[in-house]
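Please find below a colleague's note on one molecular structure. It is best read with the sequence and the model side by side.

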Amino acid sequence: MAVGKVGTASKTLVQVKKEEMPGFIGQLLKEYLVIGPVAKEGSYVFTWIETPAEVCMEYDTTVLPPKKMFHPPLQTMFSFNGEGMTAAEEPERRQIGRELWGAEGLRTEVPEKRALLFAVHPCDVNSFLILDRVYGGEFADPYYLTHRENTLVIGLNCTEVRENCFCQSFETGPDLKEGYDLLLTDLGEEYLIETGSAEGEEILAGLELSPAPRVLLLEKEKRLDEARRSFKKHLCQEGLEKVLQEKFYDHLWEELGEKCFGCGSCTTVCPTCFCYSVVDQLDLTLRNGWRERVWDSCLLLEYAAVALGGNFRPERSARIKQRLYHKLAYFAEQFGTVGCVGCGRCITNCIV
């Protein structure tokens with residue numbers, strides 16, 4: 001799906017019985033490199049799918065967000081030697097590591113087939129739209145955009161709400177309104193599939209699927225309404241900007257700093273965090289090297305460190321305050337939207 005593209009006004013509706021879903025996924029595997037939710041060690045991850053049986057449609061929120069497909073935790077930007085620079089080539093040292101990343105669904109090369117993200121929850125799809133503003137704005141990021149523009153998105157509405165979800169507070173769930181090529185909704189015995197782009201129409205055109213009566217849209221809204229009523233966590237945005245202004249020097253930040261370990265778990269699992277560090281590596285000859293970028297976190301002590309031992313935020317209280325103000329205030333000033341989609345990963349994965 002093209003970056004920033006929204007759903008089409010006129011949608012095609014089809015339905016797929018649950019017992020037919022493996023066949024539907026199998027057809028996608030013939031045309032695309034499919035990335036979907038897979039069970040792993042009591043949790044779920046987005047990774048590359050080889051067989052339909054691997055896909056878990058009833059998955060809980062994954063540990064790492066699917067943004068890792070567009071912005072990997074570790075990415076080689078280019079290699080260089082005494083003769084010049086070669087873009088997007090990884091040195092031999094990285095080949096083994098590259099295969100390991102591939103097993104986790106983190107590939108840095110652009111595949112010949114188009115990639116397809118399958119069954120992505122609304123909060124995560126909305127995080128893509130936020131990152132599009134970051135990486136596709138004034139200073140466009142070719143590494144992110146290359147993968148983003150080469151990937152189709154099939155969303156999955158949430159008809160069940162998890163303990164730490166609060167996406168409803170930001171209108172980023174439980175239903176998905178834009179940013180998808182196809183959209184699935186679990187209706188019990190079958191899935192309703194709606195198109196959201198010309199690419200989505202092309203996917204369905206090549207498959208023999210049963211048309212869905214428009215009355216199923218009413219069943220969809222019924223199930224989504226039930227989900228909306230089941231949220232346990234909420235974040236009230238009314239007057240939030242004023243509250244943040246008044247509480248900038250509040251003692252609350254010292255209290256939170258005493259509790260926070262500054263480990264960066266919350267930012268590592270956040271689908272909208274985009275900070276990274278750039279590191280140049282050299283081999284033993286000092287003639288060949290490569291430039292890598294790795295995820296970074298404003299919660300880490302080293303993040304604001306500068307030369308000669310200086311640090312703009314040595315206290316954990318200052319770092320946790322920066323994270324929350326960036327998400328809920330500074331982000332909106334810069335990109336026109338808050339930097340949170342209410343997925344709840346930061347709550348779930350906080351070790352405190």
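The points below go from the chain as a whole to its largest pocket and then to two single residues.

1. Status and overall make-up. The model is predicted, and every remark here should be read in that light. The chain has 352 residues, and its secondary structure comprises 11 helices and 12 strands.

2. Burial and surface. Of the residues of the chain, 49% count as buried. The area that the chain exposes is about 17,900 Å², and 53% of this area is supplied by carbon and sulfur atoms.

3. Contacts along the sequence. Consider the contacts between residues at least 6 apart in sequence: 73% of them join residues at least 24 apart.

4. The largest pocket. Its volume is about 720 Å³, and 34 residues line it. Nearest the centre of this pocket lie C266, R323, L324, C346 and I347. Four helices each give two or more residues to the lining, namely α8 (252–259), α9 (265–268), α10 (316–335) and α11 (345–349). Which element gives the most to the lining? That element is α10, with five residues.

5. Character of the lining. By residue class, the lining of the largest pocket holds 22 nonpolar, seven polar and five charged residues.

6. Residue D186. This residue belongs to strand β8, which covers residues 182–186. Is D186 buried or exposed? Its relative accessible area is 14%, and buried means under 20%, so D186 counts as buried. The side chain of D186 takes part in a polar contact of 3.0 Å with the side chain of K18. A polar atom of the D186 side chain also lies 2.8 Å from the backbone nitrogen of G188. Leaving aside residues up to four places away in sequence, D186 touches K18, T159, Y191 and R223. K18 thus appears both as a polar partner of D186 and among the residues that D186 touches.

7. Residue E201. Helix α5, residues 198–205, contains E201. Its relative accessibility is 27%, and the class between 20% and 50% is partly exposed, which is why E201 is placed there. With which side chain does the side chain of E201 make a polar contact? The partner is T195, at 2.8 Å. E201 may also be compared with D181: these residues are 20 apart in sequence, and their C-alpha atoms are 8.0 Å apart in space.

8. Reading the two residues together. D186, in strand β8, is buried, whereas E201, in helix α5, is partly exposed. For each, a side-chain polar contact can be located in the model: D186 with K18, and E201 with T195.

Technical notes
Residues are numbered from 1 along each chain as its sequence is written. This is a predicted model: local features need pLDDT of at least 70, side-chain atom pairs count only at pLDDT 80 or more; totals for chains, interfaces and linings use all residues. Side-chain values use heavy atoms; hydrogens and water are left out. On a 1 Å grid over the protein atoms alone, a cavity is a set of points where a 1.4 Å probe fits but cannot get out, and a pocket is an open set with protein on both sides within 12 Å along at least five of seven lines; lining residues have an atom within 4 Å of a point. Grid points are joined across faces, edges and corners, and a volume is the space filled by probe spheres set on the points. Ala, Val, Leu, Ile, Met, Phe, Trp, Tyr, Cys and Pro count as nonpolar, Asp, Glu, Lys and Arg as charged, and the others, Gly among them, as polar. Buried means under 20% relative accessible area, exposed over 50%, partly exposed in between (1.4 Å probe, protein chains only). A polar contact is a pair of N or O atoms within 3.5 Å; within protein, one must be able to donate a hydrogen and the other to accept it, and residues adjacent in sequence count only if both atoms are side-chain atoms. Contact means heavy atoms within 4.5 Å. Accessible areas come from the Shrake-Rupley method with a 1.4 Å probe; for residues, only the protein chains shown count as cover.
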